[in-house]
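Visitor: I would like a close look at a single part of this protein, the surroundings of the bound ligand, and then an account of how the rest of the chain is arranged about that part. Please take it slowly and keep the residues and elements in view as you go.

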Amino acid sequence: MAEEPYRYTGMHIPGEYEGHPRSLLDIVVIIEEVAARGKSPICNLLLELAGLGTAAIVDGGNEEQKKKYLPPIARGEAIGCFSLTEPGTGSDASGIKCRAERVGDGYVINGRKRYTSGAHESSHVILFAVTDPNKGSSGISVFVIPTDTPGFSVLERVKCIGLRGHQDEELLLKDCRIPRENLIGEEGRGLHYGLKTLDETRTTLTAGFIGLARACLEAAVEYAKKRTTFGKPLFQRQALSFPLADIAVEIDAARLLNYKAAWLHDGGMKHTVETAKAKVLASKVMLDAANMGVEVHGGFGCTERHPVERYYRDARIWSFAQGTPQMMKFIITRDLFGKYKM
Ligand SMILES: Cc1cc2nc3c(=O)[nH]c(=O)nc-3n(C[C@H](O)[C@H](O)[C@H](O)COP(=O)(O)OP(=O)(O)OC[C@H]3O[C@@H](n4cnc5c(N)ncnc54)[C@H](O)[C@@H]3O)c2cc1C
């Protein structure tokens with residue numbers, strides 16, 4: 001009898017909804033290998049959507065929502081997307097303006113969203129909107145909206161510097177009516193579910209950064225062994241080999257930080273700060289490795305002859321996803337100064 005294929009899209013989904021659940025530590029190992037060996041962050045992005053498009057439903061959804069939206073994703077037949085960012089706000093998630101007004105037994109949603117990765121291919125969107133403008137971040141709720149709902153459209157798909165195959169997708173919600181049962185959890189708990197999702201998916205994203213840094217380092221090492229200048233291979237020049245040694249150290253350090261975050265998660269402990277620390281270091285080493293990948297290849301590194309030019313473009317954009325390095329430092333300093341009561 002043929003063995004059933006393992007479906008990576010079900011890694012975040014409980015078994016009762018046809019998922020193939022794995023620990024977060026398992027998932028970060030898998031994601032790093034996909035990025036390092038597949039060398040295409042777009043595969044990672046699809047795996048990210050398997051978490052981004054489901055985690056709020058797994059955490060806060062009711063039984064009906066779970067039965068309806070999770071199995072098709074676990075089977076690899078559908079993807080979902082996650083829509084928080086807006087044209088007017090990215091880092092400051094509490095500043096969103098998209099509005100969900102209670103009308104009768106449902107909601108009418110109006111507003112714009114940006115950077116909703118994978119929206120045009122998704123069967124549903126996990127969308128954040130303001131239900132009570134007087135309550136600040138406690139007035140934000142989260143909804144699951146099938147993308148064929150009238151009033152929902154993908155307005156524009158803007159090409160990016162890297163991560164080709166992915167675009168900055170802008171959404172328009174115009175008098176988009178949804179029934180009350182599309183609310184996830186309770187009104188006002190949207191950011192709670194959003195930030196909980198991001199704690200998990202930021203950890204897996206960080207594993208992707210580490211994988212891409214490895215791909216850059218491997219390409220640089222291979223080239224430095226083959227290319228000779230002034231009668232010696234490049235790897236014998238410490239001006240090049242020492243920065244590569246620094247990158248090798250930081251890749252291992254970032255991986256250990258990220259494993260710690262995943263391990264805390266699997267033990268049911270909070271890991272927002274640990275994930276932020278891992279993401280700061282992983283972003284830095286990914287960008288350094290991408291830069292050195294090109295540097296070692298010299299002028300040829302800037303041509304399509306070598307994959308390092310693509311790694312460079314991919315790394316440049318990828319580091320902003322799910323909270324920029326500065327926002328990660330904000331999380332770390334908030335913890336530091338809170339702890340030491342400065
Ligand atoms: C590849 C990719 C995929 C993405 N996918 C999604 C998705 O699926 N869904 C979604 O909702 N969003 C998505 N995003 C959006 C992403 O979450 C935002 O880009 C990110 O949160 C930053 O927001 P911004 O781009 O608006 O930058 P801004 O918030 O405008 O910040 C601009 C710059 O200023 C810095 N900055 C901002 N505030 C401060 C401060 N107080 N102190 C110091 N520096 C500051 C930032 O670090 C950044 O460098 C994606 C982004 C990328 C690049």
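Guide: Around the ligand there are 20 residues, and those that come nearest are T85, G90, S91, T324 and Q326. This is a predicted model, and what follows should be read as a description of that model. By character, the shell around the ligand divides into ten nonpolar residues and ten polar ones, with no charged residue among them. Three elements, namely β1 (80–83), α8 (308–318) and α9 (325–340), each supply at least two residues of this shell, and the largest share, three residues, comes from β1. Seen by domain, the shell draws at least three residues from domain 2 (80–186) and at least three from domain 3 (191–340).

Of the elements that supply the shell, α8 can be followed further into the protein. Its residues V308, Y311, Y312, D314, A315 and W318 are buried, and what covers the buried residues of this helix includes α2, α5 (190–226) and α7 (272–297). The spacing along a helix helps in reading such a list: an α-helix has 3.6 residues a turn, so residues three or four places apart point the same way.

Another view of the helices comes from I247, which lies in α6 (residues 238–266). I247 counts as buried because it has 25 C-beta neighbours inside 10 Å, where the cut-off for a buried residue is 20 or more. Leaving aside its neighbours within four places in sequence, I247 is in contact with A213, L217, V285, D288, A289 and M292. Of these partners, M292 is 45 residues away from I247 in sequence, while the two C-alpha atoms are 9.1 Å apart in space.

Turning to the strands, β5 (residues 140–146) is mostly covered, with six of its seven residues buried. Strand β4 (residues 124–130) runs antiparallel to β5 and is joined to it by seven bridges; within this pairing, V125 has I145 in β5 as its bridge partner. Strand β5 is also joined by two bridges to β8 (residues 183–184), again in an antiparallel arrangement, and here F143 stands opposite L183 in β8. In a regular strand the side chains alternate between the two faces of the sheet.

Two residues deserve a careful look at the backbone. L163 has a positive phi of about 50° although it is not a glycine, and it lies in the loop between β6 (152–159) and β7 (167–179). With 23 other C-beta atoms within 10 Å, L163 is buried. E18, likewise not a glycine, has a positive phi of about 70° and is placed in the segment before α1. Unlike L163, which is buried, E18 is partly exposed, with 16 other C-beta atoms within 10 Å.

The domain division gives the wider setting, for the protein is divided into domain 1 (8–74), domain 2 (80–186) and domain 3 (191–340). Between domain 1 and domain 3 there is a contact region in which 21 residues of domain 1 are in contact with 24 residues of domain 3. On the side of domain 1 that touches domain 3, α1 (24–38), α2 (41–52) and α3 (55–60) each supply at least two residues, and the largest share, ten residues, comes from α1. The residues of that side divide into twelve nonpolar, four polar and five charged. The centres of domain 1 and domain 3, taken over C-alpha atoms, are separated by 22 Å.

For the protein as a whole, there are nine helices and ten strands, and the C-alpha trace spans about 80 × 65 × 40 Å along its principal axes. The radius of gyration is 21 Å, which agrees with the value near 20 Å that a compact globule of 342 residues would have. Buried residues make up 47% of the 342 residues. Among contacts between residues at least 6 apart in sequence, 72% join residues at least 24 apart. To return to the part you asked about, the shell around the ligand takes residues from both domain 2 and domain 3, with T85, G90, S91, T324 and Q326 coming nearest to the ligand.

Technical notes:
Residues numbered from 1 in each chain as written. Buried ≥ 20, exposed ≤ 12 C-beta atoms within 10 Å, placed from the backbone. Helix = DSSP H or I, 4+ residues; strand = E, 2+ residues; numbered from the N terminus. Pairing = 2+ DSSP bridges. Domains from an automatic or database assignment. Contact = placed C-beta atoms within 7 Å. Nonpolar A, V, L, I, M, F, W, Y, C, P; charged D, E, K, R; others polar. Near = placed C-beta within 6 Å. Rg over C-alpha atoms; globule rule 2.2 N^0.38 Å.
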